[in-house]
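Here is a friendly walk through one protein model, written for someone who is new to reading structures. Keep the 3D view open and look up each part as we come to it.

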Amino acid sequence: MLLVSLLLAVDVSAQRKSKKKPALAPEPPNELAKLRDEYIKATNDYKASLEKLVAIYEGNVKKAEEKVEVSKKLLAEGLIARAQVEENEHALALEKQKVAETRRQMDGADAQIAGVLVETEADKEIAKNLRLAKQGLIRTASFTRYTGSGGWNLSDAWKIQRFFSDTFNKQLPIAVFGQGAIHERWHLDHRNAMDIQLHPDGVEGRALLDYLQKNGIPYSAFRSAIPGTATGPHIHIGRPSHRY
Ligand SMILES: [Zn+2]
């Protein structure tokens, strides 16, 4: 709870400072500083790795394009069948899709990483407090967790989407559906969960939580933001993700 007020109170200049990494910290870093540093480092690492992937995929697109060109010439000369050209065009489309998908992941990287960090922070807080862990509905200043009553499966997501679009006349803002690249990388099981980009205290967020609880669907709603950013608050539908 203290962490949250700290999270919200921290100023942005602290984030800038942390870019200059001292070789040895004079004091042991507190939870807040660790979280912020972890966030910055993880985001940079993740983006850098995606950048490398994009470069590889773009190389593949180029090769696939050349292949299509060559096969078109061969077709014109009557040396190969049209099906061969179509096959190559299909392969090219797939390579282009990979580039687009990776770029999409880069765009959402900040929000995804912030989401993972606040989720793991909440787990740590609960692990430290057995009394909390036993409750079906946990409320702290930074999050609310409801353990649910029935079975939940991600394939039921459409019901929640329908409730939301019926109520608010717009699409449910899903940030992560099932296992994301970032969960894969950090060995977190998020296969049966989805993250909704809504603040739990907003009108839409509150209505969603109300719906989930009435239907016995487990959720965790996070209020805390990563210092110096607007990312973090979201609603995780499903049981908490665990490391594997
Ligand atoms: Zn989640």
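Helices here are DSSP runs of H or I with at least four residues, numbered from the N terminus. One of them is helix H3, residues 31-76, and Ala-55 is found in it. Please keep in mind that this is a predicted model.

**A starting point in H3**

Ala-55 has 47% relative accessibility, and because buried means under 20% and exposed over 50%, Ala-55 counts as partly exposed. Now look for Val-99, which is 44 residues away from Ala-55 along the chain. The C-alpha atoms of Ala-55 and Val-99 are separated by 8.6 Å.

**Helix H5**

Next, find helix H5, which covers residues 109-127. At 1.5 Å a residue, its 19 residues should span 27 Å, and the C-alpha atoms at its ends are indeed 27 Å apart, so the expectation and the model agree. Is H5 mostly covered or mostly uncovered? It is mostly covered, with 14 of its 19 residues buried.

H5 also helps to line the second largest pocket, along with helix H4 (82-107) and strand S3 (174-177); each of these elements gives two or more residues to the lining. The space in this pocket is about 260 Å³. It is lined by 14 residues, and the closest to its centre are Arg-104, Gln-105, Gln-112, Ala-175 and Val-176.

**Strand S2 and its neighbours**

Strand S2 spans residues 143-146. In a regular strand, side chains alternate between the two faces of the sheet. In S2, Phe-143 and Arg-145 are on one side, while Thr-144 and Tyr-146 are on the other. Both faces are covered, and all four of these residues are buried.

Which strands does S2 join by bridges? One is S1 (residues 137-139), which runs antiparallel to S2 and is joined to it by 3 bridges. A hairpin of 3 residues connects S1 to S2, and Arg-139 stands opposite Thr-144. The other is S6 (residues 219-222), also antiparallel to S2, with 4 bridges between them. Here Arg-145 has Ser-220 as its bridge partner.

**Aromatic pairs**

The structure holds 4 aromatic pairs. Such a pair is described by the distance of the ring centres and the angle of the planes. The table gives two of them.

| Pair | Centre to centre | Angle between planes | Type |
|---|---|---|---|
| Tyr-146 and Tyr-219 | 5.7 Å | 40° | tilted |
| Phe-164 and Phe-168 | 5.0 Å | 45° | tilted |

Tyr-146 lies in strand S2 and Tyr-219 in strand S6, so this pair links distant parts of the chain, 73 residues apart. Both Tyr-146 and Tyr-219 are buried.

Phe-164 and Phe-168 are both in helix H7 (residues 157-168); they are 4 residues apart, so about one helical turn separates them. Phe-164, at 0% relative accessibility, counts as buried, whereas Phe-168, at 23%, counts as partly exposed.

**The zinc ion**

Finally, turn to the zinc ion. Which residues provide its protein donors? They are Glu-119 (OE), His-190 (NE2), Asp-195 (two OD entries) and His-236 (ND1), and the donors lie 2.0 to 2.8 Å from the ion. Along the sequence, the spacing of the donor residues is E-x70-H-x4-D-x40-H. Asp-195 is in strand S5 (residues 194-196) and His-236 in strand S7 (residues 234-237), so the pair ties together parts that are 41 residues apart in sequence. Asp-195 and His-236 are both buried.

Conventions:
Residues are numbered from 1 along each chain as its sequence is written. This is a predicted model: local features need pLDDT of at least 70, side-chain atom pairs count only at pLDDT 80 or more; totals for chains, interfaces and linings use all residues. Side-chain values use heavy atoms; hydrogens and water are left out. Buried means under 20% relative accessible area, exposed over 50%, partly exposed in between (1.4 Å probe, protein chains only). Two strands pair if DSSP finds at least two bridges between them. Donors are N, O and S atoms within 2.8 Å of the metal (3.2 Å for Na, K and Ca); water is not among the atoms, so sites may look incomplete. The expected span of a helix is 1.5 Å times one less than its number of residues. Rings of Phe, Tyr and Trp (its six-membered ring) pair if their centres lie within 6.5 Å; planes under 30 degrees apart count as stacked, over 60 as edge-to-face and the rest as tilted. On a 1 Å grid over the protein atoms alone, a cavity is a set of points where a 1.4 Å probe fits but cannot get out, and a pocket is an open set with protein on both sides within 12 Å along at least five of seven lines; lining residues have an atom within 4 Å of a point. Grid points are joined across faces, edges and corners, and a volume is the space filled by probe spheres set on the points.
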